[in-house]
Amino acid sequence: MTTPENDSLARYARQISYSRFGRDGQERLSQSTALVVGLGALGSVIANTLARSGVGTLRIVDRDYIEWNNLQRQVIYTEEDVRQRLPKAIAAQKHLAAANSDIRIEAEIADVDHRNIERLCQGVDVIVDGTDNFEIRFLLNDASLKLGIPWVYGGCIGAEGQTMTILPDNGPCLRCVIPDSPPPGTMPTCDTAGILAPIIGVIASLQSMEALKILSGHSEQISRTLTVFDLWENRIRPVKLSGLDDRSGCPACGQRNFEWLAGKRGSQSAVLCGRNAIQLSFAESEPVSLDSLAESLRQMGTVEANPYLLRATIGEHAFTLFGDGRCIVHGTDDPAEARSLYARYIGT
C-alpha cells in the first residue's frame, strides 16, 4: 500500500489530481530547474510557490538583505530574519527547505550582471523575474534569447502590475514591447509610489503558473498577451501582441544584438577611495532632468540642487546626481548595495 512515507509524490496529490497537469506533469516538474532572479516581493512569492509545487532544483539569487519594511509584502521572511540581518537568498533558502526538503535549493548572494548571468542560467529550464528594475530585466531578456531559455517578466507598483511570458524564437521579447530602459527618475518605485501587497500576490501567482506550464511540458498553454492589472480600479487588460509578429526591427530578438549581455549597456560602478562612496555610471545614458528628480526625491528626504547637480539625503545615505546620468551613492563602499539603493530611490 502506498503511503506518504514511501511515495515522494504524495505531497503533490492535489495538483496531480488536476487532470491537465497530472502525474506526468509532476514528474517532469521534479526533474526541472528554475532560476528566480530577485527575492523581494515578487520573488519571494514565486520561490515559495515553485518550491511547494515540487520543482526539482530551485536556484535563487538576490543581492540584498531583509529590512523591516519588507515584511509587509515579502511573504517568506520573518522578524527574526530582520534582526539577524540575513541576506534574502540565505533566509529564503532556510524557509523553503523547511517547507520542502525533497527539492534542491541553490542560493546565491550575488549582484546579477553581464559577468555572471550566463553561469547562473546553466542547466536552467525557465527564468522567472523577481527583480525591481529594467536594467536586469533587459539583461535577462538577452540571456534568454541567446541561451534559448523561456523567461517570465513581472512588475508591480502601487496597486498595478503586469506580466508577460517570453519564449525565444516564438513570439515577441520584452524589448519588442518596451524598446529601452526609461531614463532615471521617470518611473516610480515602491519607495516613491508605494505598493499594496495584493497586487504582488496576483502577479507573482500568474508568473508562477506560467513557469509551471513550461516546466511540466505544457508551453502551448502559456499566455500570449501582456496582462495588466489595476486592483484599485478593478481593471484587467490583456494587451495583444499579434501586432509585433514582425520582429526584424527589434535589436534583441530580431537582430540578435545582445548589448546588455555584452556589457555595453547598464550601470558601471567605481569605488571612490577614502570617501565611503560608489559612483554609478551608465553606458549611452541620456541627459537627466534634475528638476524632475529633485521634485520626486523631496518626498523622501532633503534635497539641495543647483544647475549642475543635486544632492539628496535619504536616511543614512546620500545621492549626488549629475545631468549626464552619473550618480554617487554615499554611505557605502559596496557596489551591489549602491545599485540596490539607486534602483530603490532613483529607479531605472
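## A first look at the chain

With 348 residues, a compact globule would have a radius of gyration near 20 Å, and the chain agrees with that because its own value is 21 Å. Keep in mind as you read that this is a predicted model.

Let us start with the chain as a whole. Its C-alpha atoms fill a box of roughly 75 × 50 × 40 Å along the principal axes. Within the chain there are twelve helices and 14 strands. Among contacts with a separation of 6 or more, 63% are between residues 24 or more positions apart. The mean positions of the 34 positive and 42 negative charges lie 2 Å apart.

Here are some values for burial and surface:

| Property of the chain | Value |
|---|---|
| Residues that count as buried | 53% of 348 residues |
| Accessible surface | about 16100 Å² |
| Share of that surface from carbon and sulfur atoms | 48% |

Now for a closer view of one strand, E1, which covers residues 33-37. Is E1 enclosed or open? Five of its five residues are buried, so E1 is largely enclosed by the rest of the structure. In a regular strand, side chains alternate between the two faces of the sheet. In E1, Thr-33, Leu-35 and Val-37 sit on one side, Ala-34 and Val-36 sit on the other, and all are buried, so that both faces are covered.

E1 also has a partner: five bridges join it to strand E2, residues 57-62, and the two run parallel. Within this pair, Leu-35 of E1 stands opposite Arg-59 in E2.

Definitions and conventions
Residues numbered from 1 in each chain as written. Predicted model: local features only at pLDDT ≥ 70, side-chain atom pairs only at ≥ 80, totals over all residues. Heavy atoms only, no water. Helix = DSSP H or I, 4+ residues; strand = E, 2+ residues; numbered from the N terminus. Rg over C-alpha atoms; globule rule 2.2 N^0.38 Å. Buried < 20%, exposed > 50% of the residue type's maximum accessible area, 1.4 Å probe, protein only. Contact = heavy atoms within 4.5 Å. Areas by Shrake-Rupley, 256 points an atom, 1.4 Å probe, with all protein chains shown as cover. Lys, Arg positive; Asp, Glu negative; His and termini not counted. Charge placed at Lys NZ, Arg CZ, Asp CG, Glu CD. Pairing = 2+ DSSP bridges.
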